[in-house]
Amino acid sequence: MSALSFAVDIGWGTTLAIKTLVILMIVPATALILGYTFLLKMMSHMQSRLGPMDPGGFHGWFQLVGDGMKFMQKEDIMPAEADRRVFAMAPMVVVVSTFLIFLVIPAGPDIVVKNLNVGVFYALAVSSLSVIGVLMAGWASANKFSLLGALRAAAQLIAYELPLLLAIVGVVIQASTMNLQGIVGAQSTGSIFGFDGLGNPYILTQFVGFALFMIAAQAELTQTPFDMPVAESELVAGYMVEYSGFRFLFFFIGEFGTAFAFAAIAATIFLGGWALPASWGLSVGLMRFVGPAVLFAKIMFVAFLMFWVRFTYPRLREDQLQALAWKVLIPIGLLNIVATAILKVAM
Amino acid sequence: MSTTNPPLPEFDIDPRAFRTLADAQMGVELDTGDMILNLGPQHPATHGTLRLVVRLDGERVIAADPVIGYMHRGYEKLVEFRTYPQITTLINRIDWLSSFANEVPFIDAAEKLMGVEAPPRAQYIRTILTELSRISTFVLFLGEMGLQVGALTPAFYGFRDREHVVNLIEAVTGGRFHPNFNRVGGLKDDLPWGWVNETRTVLKKIYDACDTFEDLVAGNEIFHARTKGVGIIPPEIGAAYGVSGSNLRASGVDWDLRRDGAPYLVYRDLDFKVWTHPDGDSFARYWVRLQETRESCRMVLQLLDALPSGPIMAKVPRIIKVPEGEVWTEVENPLGQMGYYVFSKGATGPFRVKIRSASFSNVSILPWLLRGVFVPDVITILASLYFILGDIDR
C-alpha cells in the first residue's frame, strides 16, 4: 500500500523520493502551523494582546518564516568548553525522532508512508529517542543550567513513557490491532452498544485512556505544567540555553513538530483519524481527498487542548511531577487496562 | 634560556604511599560532589541584578548566599550634595515600582524638621497616590508571581491592569514611574479635572482583576502545590531578621505602620483592616498581598469621598533651608518598612541621610530561608518575598 499508488503507477524510486520529500517538508511545515496558530496568535489573544500583526500583511502570518530566516543568519555560537561534535549532533537527534513518528501516521485510506503492523508501538518507541538528543545537548553544553535541565528532562521523559504506553494499551485491546490503519478502521466501523451513528471513536469508550495520554503527552513534550526541563524562570532555557541560530531553530522545529506528531497520534487512535464514521456512507475515493482535511481538523483540536493547558497552568515541581506519574497515572493506567480487558472478554 | 631540564629532586618514596593516594583519589571521585550554581546577576527570576550563589546537592540547596551591590548607586552619599527639592528625584529611584511612596517619608522628615505641615488636601492627595502606587506594585506582583512559578498568562494580566493605575498617576503627576511630585510643604499641582471619577472606574477594574487573580492563580491546585509550605518564615525569625511589610504580616504578625506607627499622612482617618495570614509560607504572602490590594482600593475610595477642598501648598520660603536637627521617619511602603534618618546642619541640603529600605532586610533572611529547599522553590521564595533591586542596593 504505497502512498501514491492510487494516482499513477510509478517506480519505487520515485515513490521513495516523493515520500522522503513529503516527510522532510511536513515537520517544518507543521511546526510553522502550530507555532503561528497557537504560540503567536492564540496565546496573544488569551493574554489580551494581538501578537504579530504586520509581517506578511494578514495577521502577521509571515512572522515565523521571518524568524526562521533570522535564525539562519545568526552566528553559530559554540561554548569554548563544549563537546563540539556531540553539541552539534544533539539538535539533529531531536528532530530526527520527530521525522520518524510521521512515517506511520495515516492521512487517508492509502496515504501513509509505511503501514506498519506495529504502528502504535513504533511511534511511541521513536518518539522517546528525543531524550537522547536532549541529554546530549545538556551534557555537551558544559553549562550547569543545561545539565540540570537535561537531567530533569531525562527523568521526566522516562517516567512518562509508561503512562503513555498504558494509556494506549486499552485502545489496542479494544481494536485488537496495533496497526494505525486498523485502529482507524475499527473506530470508523465500530459501534457503541449497537449505536453506530458515530462509529466508535475511542475518546468516548476509552476516555480515561485519552486523559492519561494527553497528560503524559504534555509531559513528553515538556510543555507546561511539566516544562521543568526548560523552565524559563529557573533554568532560563534548560538544555537549550547555549544554543543559538540554526541549531536553536532545530530545537524549535523539533518541539512544535513533536507536538503536532503527538496530536496526530491522539487524533488517530482516539478521535478516529482521517476517517469519518462508516455509517455516514462516504466512498473510499472521496475520503482520499477529504481524509487529510479531517485528520488535520482533529489534530488542530487536540493541539488546541494541549496549548490551552500550556498557556494557563503554572509549572509543577520535579518531585511532584514524579509523584504524579508513579503514584497516580500509572495505577490508573493499569486499572484502565484491567477494566478494558474484562469488558472486552465479557461483551 | 637553558635547554636542559632541572635535575629531579631525589625522594625516598614509600611505594605504599601511592596506593593510599590512589585510594584517597578514588574516594573523592566516587563521592557526589556539591555543585555551585550562580543564579544571577543576570537571571530572569531576580528582578534585576541580584546574584545568588547556591550550593546544590542534586536539586537540593545546601547553602545560599545572596551577593548584592551590582546596582549600588550611592544615594545616601549623593543626597548630601543636593538640596531638599532635588533629592526627591533621586529617592524616586530606590523602589522604582512605587516611586511616589518613596518620596513621602523623606518630605515628611524635611517638613518635621522645618515645622511645616502640608494642608489637608495635599495630605489626602499624597495618601491617595501612595495607595495607588501600592496597588500598582501589588497588581504587578500578583501576575509576576504566576510567571515565576511557570504560568505565563497572569504576568500579562498584571501588566495590563497595572497600566490603568500607572495612567492615573501619570495624569496627576506627569510621570509614569518617577513622579517627583512632592514638594516640601505640599504638592506641585492639584488633581486634574475628572480624575476622581476616572479613579473610581479604575478601582472597579482592579477589583475585577483581583477576582481574576484569585481564580486563575491563587485558586489553582498546581499553584497551591508549588507555594503552600514553601519558604515558611516563623514570626520570631522574620522579626529578628528585620523582615517587614506584607512578608511579616503573612507570618501572622499583626503589624502595620499605617496603623501602628507614628501618625503620618491621613491614615488615622481611614477605616481599614490589616490582613494577616497564620501560615507564613509563599502562598500566605501571595494571599496577603491580594487582600491588601483590595484593602487599598477601599482606602482610596474612602479618601476620594472625603477629599477636602483647599490649598495644596503650605507657606514655605522660596529657598528651603532646614534648621539644625535630626529626625527619623518610617512608613509602610508597598515592600515593607521604609525609613529615613535625616540629619540637618541648617543648610539647603541634609548633612547625612540614612535610608532604611525594606527589601534589603527582606532578602537578608534568604540564607536562612533557602537551606534545604529545591531549586524551583528558590524561585518561588524569591518571587514571594517580592523585592526590588533598587530597594536593596540603593
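Here are some worked exercises on a predicted two-chain model.

Before you start: residues count from 1 along each chain as its sequence is written, and chains are lettered from A and ligands numbered from 1 in the order in which they are written. Since this is a predicted model, local features need pLDDT of at least 70 and side-chain atom pairs count only at pLDDT 80 or more, while totals for chains, interfaces and linings use all residues.

**Exercise 1. Work out where confidence is lowest and highest in chain A.**

Step 1. Start with the average: chain A comes out at a pLDDT of 83 (pLDDT is the predictor's confidence in each residue, from 0 to 100). In that chain, 97% of the residues score at least 70.

Step 2. Now go by element, where helices (H or I, at least four residues) and strands (E, at least two) are DSSP runs numbered from the N terminus. Helix α8 (residues 202-205) of chain A is lowest with a mean of 80, and helix α9 (residues 207-220) of chain A is highest at 89.

Step 3. Check the start of the chain. Residues 1-5 of chain A stay under 50 in pLDDT, and the model has 12 contacts for them beyond four places in sequence; a contact here means C-beta atoms, placed from the backbone, within 7 Å.

**Exercise 2. Describe how helix α10 (residues 245-270) of chain A crosses helix α11 (residues 284-312) of chain A.**

Step 1. Get the geometry. The two axes come within 8 Å and cross at roughly 115°; axes are lines fitted to C-alpha atoms, for helices over the stretch in contact, with angles from 0 to 180 degrees between N-to-C directions.

Step 2. Label the angle. That makes α10(A) roughly perpendicular to α11(A) (under 35 degrees is roughly parallel, over 145 roughly antiparallel, 65 to 115 roughly perpendicular, the rest oblique).

Step 3. List who meets whom. From α10(A), residues including Phe260(A) and Ala263(A) meet residues of α11(A), among them Leu295(A) and Lys298(A). By class, this contact has 11 nonpolar, no polar and one charged residues (Ala, Val, Leu, Ile, Met, Phe, Trp, Tyr, Cys and Pro are nonpolar; Asp, Glu, Lys and Arg charged; the others, Gly among them, polar).

**Exercise 3. Do the same for helix α1 (residues 12-46) of chain A and α10(A).**

Step 1. These axes also come within 8 Å, crossing at roughly 85°. α1(A) and α10(A) are therefore roughly perpendicular to each other.

Step 2. Among the contact residues are Val27(A) and Leu34(A) of α1(A), plus Phe252(A) and Phe256(A) of α10(A). The tally is nine nonpolar, three polar and no charged.

**Exercise 4. Lay out the β6-β7-β8 sheet of chain B.**

Step 1. Three strands make an open, antiparallel sheet in that order; strands pair if DSSP finds at least two bridges between them. At the edges sit β6 (325-333) and β8 (352-356) of chain B, each pairing on one side only.

Step 2. The average twist from one strand to the next is 10°. β6(B) and strand β7 (residues 336-344) of chain B share nine bridges, and Thr329(B) has Tyr340(B) in β7(B) as its bridge partner.

Step 3. Add the helix: α4 (residues 99-114) of chain B packs on the sheet, touching β6 and β7 of chain B, and its direction makes about 150° with that of β6(B).

**Exercise 5. Break down the contact between the chains.**

Step 1. Chain B puts in 24 residues and chain A 23.

Step 2. On the chain B side, α8(B) gives the most, with four residues. That side divides into 16 nonpolar, five polar and three charged residues.
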